Amino acid sequence: MAAMAALQSSMTALSLSSNSFLGQRLSIPPSLSPLHIKARENPCLIVVKLKRWERKECKPNSLPVLHKMHVKVGDTIKVISGRDKGKIGEISKIFKHNSTIVVKDINLKTKHMKSRGEDQPGQIIKIEAPIHSSNVMLYSKEKDVTSRVGHKVLDTGKKVRYLIKTGEILDSDENWKKLKEAAKEKTEVAAAAPAADTGAAS
């Protein structure tokens with residue numbers, strides 16, 4: 001009993017605190033201190049739906065880095081490398097975050113669609129997969145030649161692209177009018193489709 005009383009008195013004599021262990025003060029290394037925890041640098045918010053293994057470069061403000069491309073939607077191009085080398089088509093979509101483009105009827109991939117009810121049976125379809133913009137060159141239908149692109153300022157002060165070999169201006173007002181009309185037709189067709197479905201259901 002005397003030994004137990006002596007042990008209890010010695011334990012109460014020790015000054016125990018949150019940062020001490022059996023009376024000895026613990027030293028926390030600076031690397032583990034909560035004040036020195038670094039925030040994650042360059043956080044990236046994924047805006048575009050990407051594949052699991054695909055990552056986007058980001059600016060310090062978390063916005064994606066958009067690459068400058070020598071082609072735009074509506075341009076006529078010729079494929080200069082790959083399986084579809086030599087084919088000519090029109091650009092329907094571009095992706096600036098990874099510098100790829102989608103060309104009509106080029107780089108077709110097979111996709112197996114599952115059946116979604118009795119109305120939509122399963123089927124095998126062909127879709128246009130994107131290709132890198134470095135694998136295409138701008139094409140002139142009039143001269144039947146591919147060319148690199150140049151930039152110049154017109155007398156009106158407008159900056160346009162042109163083909164270096166032929167001098168043909170790509171960013172003309174007629175081309176922009178055609179693209180706007182095509183976009184309007186697509187929106188009208190998309191708006192008319194649901195209206196037709198509701199009419200048929202009633």
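## Report on a predicted chain

Asp-84 has a relative accessible area of 9% and therefore counts as buried, a term that denotes under 20% relative accessible area, whereas exposed denotes over 50% and partly exposed the range in between (1.4 Å probe, protein chains only). The model is predicted, so that local features need pLDDT of at least 70 and side-chain atom pairs count only at pLDDT 80 or more, while totals for chains, interfaces and linings use all residues. Residues are numbered from 1 along each chain as its sequence is written, and side-chain values use heavy atoms, with hydrogens and water left out.

### Overall architecture

The chain contains two helices and 12 strands; these elements are DSSP runs numbered from the N terminus, with helices (H or I) of at least four residues and strands (E) of at least two. Along the sequence the pattern reads α-β-β-β-β-β-β-β-β-β-β-β-β-α. Of the 202 residues, 19% count as buried. The accessible surface of the chain is about 16,200 Å², and 56% of that area belongs to carbon and sulfur atoms; such areas come from the Shrake-Rupley method with a 1.4 Å probe, and for residues only the protein chains shown count as cover. Among contacts between residues at least 6 apart in sequence, 36% join residues at least 24 apart, where contact means heavy atoms within 4.5 Å.

An unreviewed UniProt entry lists residues 70-97 as "domain: KOW". UniProt positions follow the numbering used here, feature names are shortened, and annotations may be inferred rather than shown by experiment. Over residues 70-97 the chain is 0% helix and 43% strand, with the end C-alpha atoms 14 Å apart.

### The sheet and Thr-76

Six strands form an open antiparallel sheet in the order E8-E5-E4-E3-E9-E10; two strands are taken to pair if DSSP finds at least two bridges between them. Strand E8 (131-132) and strand E10 (145-147) stand at the edges with a single partner strand each, so one side of each has no neighbour in the sheet. Within the sheet, strand E3 (residues 76-79) pairs with strand E4 (residues 88-95) in the antiparallel sense over three bridges.

Thr-76 lies in strand E3 and stands opposite Glu-90 in E4. With a relative accessible area of 17%, Thr-76 is buried. Leaving out residues up to four places away in sequence, Thr-76 touches Ile-88, Gly-89, Met-137, Leu-138, Tyr-139 and Lys-141. Thr-76 and Thr-146 are 70 residues apart in sequence, and their C-alpha atoms are 9.9 Å apart in space.

### The nonpolar core

A nonpolar core is a set of buried Ala, Val, Leu, Ile, Met, Phe, Trp, Tyr and Cys residues joined through side-chain atoms within 4.5 Å. The largest such core has 14 residues, of which Val-71, Ile-77, Ile-101, Val-103 and Leu-138 touch the most other members. The elements giving two or more residues to this core are E3, strand E5 (100-103) and strand E9 (136-140). Apart from its neighbours within four places in sequence, Val-71 is in contact with Ile-77, Ile-91, Ile-101, Leu-138 and Arg-161. In soluble globular proteins, nonpolar side chains tend to be buried together.

### Salt bridges

A salt bridge is a side-chain nitrogen of Lys or Arg within 4 Å of a carboxyl oxygen of Asp or Glu. By this rule the count is five, including the pairs below.

| Pair | Closest N to O |
|---|---|
| Lys-72 and Asp-171 | 3.9 Å |
| Arg-83 and Asp-84 | 3.9 Å |
| Lys-87 and Asp-84 | 3.3 Å |

Lys-72 lies in the loop between strand E2 (24-25) and E3, and Asp-171 in the loop between strand E12 (159-163) and helix H2 (173-201), so their salt bridge ties together parts that are 99 residues apart in sequence. Lys-72 is partly exposed at 34% relative accessible area, whereas Asp-171 is buried at 8%. Of the partners of Asp-84, Arg-83 is exposed, with a relative accessible area of 60%, and Lys-87 is partly exposed, with 40%. Salt bridges with shared partners join Lys-72, Asp-75, Arg-161 and Asp-171 into one network.

### Positive phi values

Ser-99, although not a glycine, has a positive phi of about 60°. Ser-99 is placed in the loop between E4 and E5 and is buried, with a relative accessible area of 10%. Asn-107, also a residue other than glycine, has a positive phi near 60°. Asn-107 is found in the loop between E5 and strand E6 (108-113) and counts as buried at 12% relative accessibility.
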